[in-house]
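Thank you all for coming; I would like to take a few minutes to walk through one model with you. Please have the sequence and the structure open while I talk.

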Amino acid sequence: MKADIVTIFPDFFRGPLDYGITRRAQEMGLAAIQVHDLREFTRDRHRTVDDRPFGGGEGMVLKAEPLFECLESMDLAPRQDRLVGRVKQSVVLLSAQGQRFTQNVAAELALLDRVIFLCGRYEGVDERVADFLADRELSIGDYVLSGGEMAAAVIVEALMRLLPGAVGNEASTQQESFTVDAKVKVPGGADSTCGSNGLLDYPHYTRPAEFRGMQVPEALMSGNHEQIRRWRRQRALEKTLRNRPDLLEGAVLSEEDNRFLAGIRNAGIK
Ligand code: SAH
């Protein structure tokens with residue numbers, strides 16, 4: 001996959017994308033990340049990228065022209081072809097007003113050959129960029145950042161670990177929080193540990209078994225696979241109910257899961 005990031009702060013990306021799996025994905029040739037300095041696509045002496053808002057009001061607005069010119073220099077397929085999926089390319093505008101970025105969106109984007117990220121600044125970006133240049137607007141959460149750079153780094157990192165071969169053990173990315181794995185069989189729930197099925201991940205522990213009086217849960221030390229499976233599944237269910245009850249609606253739950261949830265709901269433990 002090729003990821004292009006368009007920003008007025010190219011130096012920002014020296015660092016965040018040079019570690020761990022994101023770095024390895026680049027070294028292995030699975031991904032190439034290119035950062036573009038938006039100011040190189042200005043034409044005035046001051047390399048102006050912002051201007052005052054029409055209609056008045058606070059702050060400045062990121063201009064449309066440099067963003068259009070920058071994208072035109074990238075040799076992308078026409079927007080219409082991108083929008084209907086005729087090519088595996090997408091232009092993403094980072095925006096607090098965007099569709100919420102989730103693991104499902106990450107999985108969708110990870111299938112593409114090329115993703116371009118446009119980082120906004122100031123009060124935002126001239127709306128003609130959202131209307132005529134970008135294919136989608138994405139938000140990384142319901143809060144306002146000062147720029148799209150952090151958001152782009154978050155999304156790139158989430159994508160990189162989904163590229164086949166980027167994570168040593170591929171099964172591990174299928175068992176994580178939020179992941180709904182269609183391959184997992186539900187009835188009976190016998191396989192329900194192989195994938196979080198839309199739940200939060202279960203708790204992890206490593207050595208030592210006892211640390212300052214804090215013990216690793218006994219079930220994990222039992223060596224009994226069925227007991228471990230049940231323990232992990234129940235902790236994932238509990239944690240999801242406590243921290244993110246909204247996820248339970250979209251989760252794939254077995255009869256055993258539903259019985260367990262009904263049990264804790266009845267006991268009033270939340
Ligand atoms: N006035 C805008 C916020 C502008 S913040 C509003 O109220 O919606 C400046 C830039 O930061 C935005 O253009 C966007 O690129 C980025 N940004 C801010 N919050 C973001 C979020 N939650 N997700 C993604 N990008 C965000």
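I will begin with the sheet, go on to the helices that pack around it or against each other, and finish with one loop residue.

Please keep in mind throughout that what you are looking at is a predicted model. The sheet is an open one of five strands, and if you follow the order β2-β1-β6-β5-β7 you will find that the pairing is parallel. At the edges stand β2 and β7, the latter covering residues 136–139, and each has a single partner strand, so that one side of each is left without a neighbour in the sheet. From one strand to the next, the twist averages 30 degrees.

Let me stay with β1 for a moment, since several details concern this strand. On one side, β1 runs parallel to β2 and is joined to it by six bridges, and there you can find Lys-2 standing opposite Ala-32 of β2. Five bridges link β1 to β6, again in parallel, with Leu-118 of β6 as the bridge partner of Val-6. Is this strand enclosed or open to the outside? Five of the six residues of β1 are buried, so the strand is largely enclosed by the rest of the structure.

Turning to the helices, α6 lies across β1, β2, β5, β6 and β7, and runs at about 160 degrees to β6. Helix α2, residues 64–72, has as its buried residues Ala-64, Pro-66, Leu-67, Cys-70 and Leu-71, and these pack against β1, β2, β4, β5 and β6 as well as against helix α5.

Further along the chain, how do α9 and α11 cross? Their axes, for residues 225–243 and 255–267, come within 10 Å and cross at roughly 55 degrees, and the two helices are therefore oblique to each other. The crossing in which α9 passes α11 is right-handed. Among the residues that make the contact are Arg-229, Arg-233, Leu-237 and Leu-241 of α9, together with Glu-256, Phe-260, Leu-261 and Ile-264 of α11. Sorted by character, the residues of this contact comprise five nonpolar, one polar and eight charged.

Finally, I would ask you to look at Asn-169, which sits in the loop between α6 and α7, and which counts as partly exposed because its relative accessibility is 48%. Measuring from C-alpha to C-alpha in the model, Asn-169 lies 34 Å from Ile-264, with the two residues 95 apart in sequence.

Terms used
Residues numbered from 1 in each chain as written. Predicted model: local features only at pLDDT ≥ 70, side-chain atom pairs only at ≥ 80, totals over all residues. Heavy atoms only, no water. Buried < 20%, exposed > 50% of the residue type's maximum accessible area, 1.4 Å probe, protein only. Helix = DSSP H or I, 4+ residues; strand = E, 2+ residues; numbered from the N terminus. Contact = heavy atoms within 4.5 Å. Axes fitted to C-alpha atoms, helices over the stretch in contact; angles between N-to-C directions. Parallel < 35°, antiparallel > 145°, perpendicular 65-115°, else oblique. Left-handed = near helix turned anticlockwise from the far one by under 90°. Nonpolar A, V, L, I, M, F, W, Y, C, P; charged D, E, K, R; others polar. Pairing = 2+ DSSP bridges.
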